[in-house]
Amino acid sequence: MSAESEGQKEATRFRQQHNLGTAPLGDLVTLIEQAVGADVAVLDTEPNQHGMTMRRGTDGPIYIAVTRTIHPMRQRSTLAHELAHVIFGDWSAEAIVDSPNPIESRANSFARHLLVPQEGVKEMITSEHVGPGRALLSAVVQRFLVSPTIAAIALEQCGRINRATKDEWMSVTTPTLAAEFGWMERYQALAEASNSRRAPQRLLARAISGWLQNLVPIQTIATLRGLSADEAEEELRREGLQPAEVNVTPSWSKTSELPEVSIDLSEFDADMNDSLRE
């Protein structure tokens with residue numbers, strides 16, 4: 001089985017396993033965290049680094065990190081690509097850098113077919129008004145939130161365009177399509193979201209739980225959220241969340257609450273009198 005076929009087969013199985021049907025996928029970070037239990041972070045990285053996947057030990061937690069970017073479709077492709085490595089168990093004791101090998105080709109195939117299932121494209125074309133020419137390309141890109149390159153490949157595999165058109169459309173950019181077909185505001189909103197740092201949800205939830213119990217400083221949450229401490233605390237308190245009150249006043253601080261103490265001084269008085277007589 002080729003890398004292309006293997007990636008497509010596993011992408012189809014993943015959609016079936018998680019009841020995703022043929023519909024476009026929403027927030028991939030949430031999907032990955034809930035589907036495979038990985039902790040996913042969006043953070044700053046070195047130039048030309050897009051994503052990486054790690055696992056602690058042989059059966060430990062899985063971590064996925066992708067770079068924040070103004071290119072939302074690229075980030076979604078990277079997330080789907082890294083998910084493929086988790087699904088296929090592409091683990092190694094040594095770091096593996098992206099290279100043109102069958103494992104990477106298989107991950108790319110999985111990502112494309114996961115993001116744009118061919119059946120979903122066919123259903124869209126036959127049941128909706130998507131327009132001819134590049135309007136069709138724009139509709140697939142906007143609907144499934146993928147790059148024109150991935151959309152063009154899917155359209156060719158569905159038999160909707162020929163190879164020459166695919167090659168031509170693969171050079172189109174998403175901002176160009178968004179500007180040409182009137183969905184630039186939607187694209188800018190996607191770009192703003194993909195260019196924001198994002199901490200793994202479970203880690204952030206644990207930090208907030210600790211803050212509510214007065215065990216974790218607000219600065220920890222602020223660092224994870226990429227906010228100042230004041231901003232992080234204001235955000236939580238605005239939503240009705242606040243740490244438990246710390247009782248710094250001892251219960252016995254009031255004289256009225258002090259316990260009664262019984263002291264017999266008779267022996268002390270007797271001793272003192274005896275001393276005076278001597």
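Here is a short chat about a helix pair and two loop residues in a predicted model.

Me: Let's start with helix 2 and helix 3. At what angle do their axes cross?
Reply: Roughly 10 degrees, and the axes come within 10 Å. Helix 2 covers residues 28–36 and helix 3 covers residues 72–88.

Me: Roughly parallel or roughly antiparallel, then?
Reply: Helix 2 is roughly parallel to helix 3, because the crossing angle falls under the 35 degrees cut-off.

Me: Which residues of the two helices make the contact?
Reply: From helix 2, it's Leu28, Val29, Ile32 and Val36. Helix 3 brings Arg76, Leu79, Ala80, Leu83, Val86 and Ile87.

Me: How do those divide into nonpolar, polar and charged?
Reply: Nine are nonpolar, one is charged and none is polar. The charged one is Arg76, from helix 3.

Me: New topic: backbone. What's the phi of Asn19?
Reply: About 55 degrees, so positive, though Asn19 isn't a glycine. For background, most residues other than glycine have a negative phi.

Me: Where is Asn19, anyway?
Reply: In the loop between helix 1 (3–17) and helix 2.

Me: Is Asn19 buried or exposed?
Reply: Exposed, because its relative accessibility is 72% and the cut-off is over 50%.

Me: And what about the phi of Leu145?
Reply: Leu145 also isn't a glycine, and its phi is positive, about 55 degrees. Leu145 is in the loop between helix 6 (134–144) and helix 7 (148–157).

Me: Buried or exposed for Leu145?
Reply: Buried, because Leu145 has 9% relative accessibility, under the 20% limit.

Notes:
Residues numbered from 1 in each chain as written. Predicted model: local features only at pLDDT ≥ 70, side-chain atom pairs only at ≥ 80, totals over all residues. Heavy atoms only, no water. Axes fitted to C-alpha atoms, helices over the stretch in contact; angles between N-to-C directions. Helix = DSSP H or I, 4+ residues; strand = E, 2+ residues; numbered from the N terminus. Parallel < 35°, antiparallel > 145°, perpendicular 65-115°, else oblique. Contact = heavy atoms within 4.5 Å. Buried < 20%, exposed > 50% of the residue type's maximum accessible area, 1.4 Å probe, protein only.
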